[in-house]
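Work through the exercises below with the structure in view. Try each task before reading its solution.

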Amino acid sequence: MTKSALQIARAAYQPKLPKALKGAVKVQEGEATHSVADEEEIKKLFPNTYGMPLIKFVEGENKEFAPMNVGVILSGGQAPGGHNVISGLFDGVKKLNPANKLYGFLMGPGGLVDHKYVELTADIIDEYRNTGGFDIIGSGRTKLEKVDQFEKGYEILKELGIKAVVIIGGDDSNTNACVLAEYYAAKNYGIQVIGCPKTIDGDLKNEMIETSFGFDTACKTYSEVIGNIERDCNSARKYWHFIKLMGRSASHIALECALQVQPNICLISEEVEAKNMSLDDVVTYIANAVAARAADGNNFGTVLIPEGLIEFIPAMKKLIAELNDFLAAHADEYAAVEANKQREYIINHLTADNAAVYASLPEGVARQLTLDRDPHGNVQVSLIETEKLLSEMVGKKLAAWKAEGKYVGKFSAQHHFFGYEGRCAAPSNFDADYCYALGYTASMLIANGKTGYMSSVRNLTAPAEEWIAGGVPITMMMNMERRHGEMKPVIQKALVELDSAPFKAFAAARETWAKETCYVYPGPIQYFGPTEVCDQTTKTLQLEQAK
């Protein structure tokens, strides 16, 4: 395989480990835990893995560990640093006992069920250290939720002598990990299951998981290209750039990028919902900023839009919830309706309020709302071209204002969607270190007999030496939510909190950014050079931890 100069140089990078993980470790147990909500239901569903204590690793004394084999699965969408989680896990497992083996299940959880795997040897691991992507074993979105899947998985785990499985994924994948851990514990199969917090969306976090891995790199990657667009925007001075960013359920990416690049406008879905804004309210908000800048002779600007915005507009949210439930129950019937009659069919089967909202939408957006659901039964919001919908509606409003003499400028829009560009970038130094520490921590959780835990590394704005490694019971993060029309236990998503330090910092500056041109150009991720350039964390983490 031909390698770029950067790949060759990055292969030599040695990720930093917390001091407590550098030698032998021992477990320090904290207090017993309980779920974030719906305690009785969660307790009933997870009797074997509920209420376990928080864990912190501290320096211990050397002891011998019997040989054991470990399996690893990459689940869901890619996030920068996944390969370093596996590298850290490999190094940790080999340090415990050089006879230990690590097996990678291919193309996600489906590889466990279908018995497709590869032994990950030092030669393979060394090719992938500090690289982006999930291509070492591939990823997939198979949901682990049925008994026959658990049993099929158990067959191959038994055959390979695997004592523990590490599932690297987001909130849904870690929910699956928790369900699997509970099942194997209930059956006394002697198989441990450990999760690792992955998602560029940044919505898998709490006091024990300060950030999900990949968020740092993805935001820095997007911020570089948004900065480039801002510079172009400020040079040509004739376009409004509408930029949609990944973040299906939460606006963490949009908020972090806004803090890094200082655009004219950044919409935060959670605020739109809290203020009960309609689609027209959002459009008017943007149009007012465009008109104000035009009055100063500035017919250009940048607008950041979270991918999931449409679902947070209350009227749209109600419509989508009814559509999700209706299509879960009538998918075949809907598919049999002629394409030109599908819109009318939907309108006739919705409650009056939702039918009115649906009928008011442009044809393209209405169609996008009824396309195939994702594996979790939700609208695939990334297929909805929100950036085009908003710019089109802003254009119409400005044309009406012009006719009334309220607006004097010119409005011309460009559209962008940054998603895949950030998911497999070469990890920043922060993500390279953090992921390696998460993988290494997972090996220590396994060595200490833990199951149903997520690997946790905290104190992340401090130097890596001072990071705190341990484990958090996955049940602690769970609540009950409606999926596919029924209530299911899932990890609670962390949304942008409007009283949080990152949001307050943004809110304090946005009026100035809207009127003036305050763009910041972060440039590409730096891997070599002064630590203040190379090792900085996200603005979100800095503000949350007041650093």
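**Exercise 1.** Decide whether Ala400 counts as buried, partly exposed or exposed.

Solution. Start with the cut-offs: buried means under 20% relative accessible area, exposed over 50%, and partly exposed in between (1.4 Å probe, protein chains only). Ala400 has 36% relative accessibility, so it counts as partly exposed. Next, place the residue: Ala400 is found in helix H17 (residues 386-403). Helices (H or I, at least four residues) and strands (E, at least two) are DSSP runs, numbered from the N terminus. Last, take a distance: from C-alpha to C-alpha, Ala400 and Tyr189 are 68 Å apart in space and 211 residues apart in sequence.

This is a predicted model, in which local features need pLDDT of at least 70 and side-chain atom pairs count only at pLDDT 80 or more, while totals for chains, interfaces and linings use all residues. Residues are numbered from 1 along each chain as its sequence is written, and side-chain values use heavy atoms, with hydrogens and water left out.

**Exercise 2.** Find which residues Thr221 touches, not counting residues up to four places away in sequence.

Solution. Thr221 is found in helix H8 (residues 215-236). With a relative accessible area of 14%, Thr221 is buried. Contact means heavy atoms within 4.5 Å. By this rule Thr221 touches Glu421, Gly422, Ala425 and Ile525. Now take Tyr222: leaving aside its neighbours within four places in sequence, its contacts include Leu245, Phe418, Glu421 and Gly422.

**Exercise 3.** State how many residues the largest nonpolar core has, and which helix gives the largest share.

Solution. A nonpolar core is a set of buried Ala, Val, Leu, Ile, Met, Phe, Trp, Tyr and Cys residues joined through side-chain atoms within 4.5 Å. The largest one has 113 residues, and Ile86, Val166, Tyr222 and Leu245 have the most contacts inside it. Helix H19 (residues 429-447) supplies the largest share of this core, 12 residues. A second, separate core has 46 residues, including Ile265 and Phe326.

**Exercise 4.** Compare the span of H19 with the expected value, then explain why H19 is described as largely enclosed.

Solution. The expected span of a helix is 1.5 Å times one less than its number of residues. H19 has 19 residues, for which 27 Å is expected, and it reaches 27 Å from its first C-alpha to its last. For the second part, 19 of the 19 residues of H19 are buried, so this helix is largely enclosed by the rest of the structure. Just after H19, Gly449 takes a positive phi of about 75°.
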